[in-house]
Amino acid sequence: MVLALAATAAAALLQAVVTDDWEGVRHKVTRLFGRGQPDAAIERRLDATRDQLTAATPGEVETVRAALAAQWETRFADLLADHPDAEDELAALVKDIKPDVIAADHSVAAGGNVIATAQGGGVAANVIHGDVHAGPTWPGPASS
């Protein structure tokens, strides 16, 4: 249970890094590790996590995310080993920061499948690198 919670917390944290709610999540995590007071070392680690993830190129993002998730999973597991009473707090934090789908700007991170569909001449894609230009469409022959 503790290891699963640590893994879930790490995944939720990394999803939150790229959202508008990051500062609030950062504050909650530092207070959790500081047992009610901000923990300066965790603040630095959180800032480094965000810097590493946002600096990763598109080809590196998943590798960087996986490495950071492993680090945070270990940190959360250590926190729970040292402070078993923090389990309920961490579970509440995960529930608070990990909704089923997190959306920021024009992107979505989901805990399940994402299906993209287009109608009326629109464009739908799950990954686009570069510009998309949709020109005018002409009506084709009538379908029977």
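The following exercises, with worked solutions, concern a predicted model of one protein chain.

**Exercise 1.** Determine which pattern the chain follows along the sequence.

*Solution.* The chain contains five helices and two strands. Read along the sequence, these elements give the pattern α-α-α-α-α-β-β.

**Exercise 2.** Establish whether the end-to-end distance of helix α2 agrees with its expected span.

*Solution.* Helix α2 comprises the 12 residues 22-33. The expected span is 1.5 Å times one less than the number of residues, so α2 should span 16 Å. Its end C-alpha atoms lie 16 Å apart, in agreement with that value.

**Exercise 3.** Identify the buried residues of α2 and state how they are placed around the axis.

*Solution.* The buried residues of α2 are Trp 22, Val 25, Arg 26, Val 29, Thr 30, Leu 32 and Phe 33. Because they cover an arc of only 160 degrees around the axis, they fall on the same side of α2. Their packing partners are α1 (2-16), α3 (40-55), α4 (61-82) and α5 (87-97). Just after α2, Arg 35 adopts a positive phi of about 55 degrees.

**Exercise 4.** Classify the mutual orientation of α3 and α4, and list the residues that form the contact.

*Solution.* The two helices pack at an angle of about 165 degrees, with their axes 10 Å apart. Angles over 145 degrees count as roughly antiparallel; α3 and α4 therefore belong to that class. α3 passes α4 in a left-handed crossing. On α3, the contact is made by Ile 42, Arg 45, Leu 46, Thr 49, Gln 52 and Leu 53. On α4, it is made by Val 61, Val 64, Arg 65, Leu 68, Trp 72 and Arg 75.

Notes: Residues are numbered from 1 along each chain as its sequence is written. This is a predicted model: local features need pLDDT of at least 70, side-chain atom pairs count only at pLDDT 80 or more; totals for chains, interfaces and linings use all residues. Side-chain values use heavy atoms; hydrogens and water are left out. Helices (H or I, at least four residues) and strands (E, at least two) are DSSP runs, numbered from the N terminus. Buried means under 20% relative accessible area, exposed over 50%, partly exposed in between (1.4 Å probe, protein chains only). The arc is that of the directions from the helix axis to the C-beta atoms. Contact means heavy atoms within 4.5 Å. Axes are lines fitted to C-alpha atoms, for helices over the stretch in contact, and angles run from 0 to 180 degrees between N-to-C directions. Angles under 35 degrees count as roughly parallel, over 145 as roughly antiparallel, 65 to 115 as roughly perpendicular and the rest as oblique. A crossing is left-handed if the near helix is turned anticlockwise from the far one by less than a right angle, and right-handed if clockwise.
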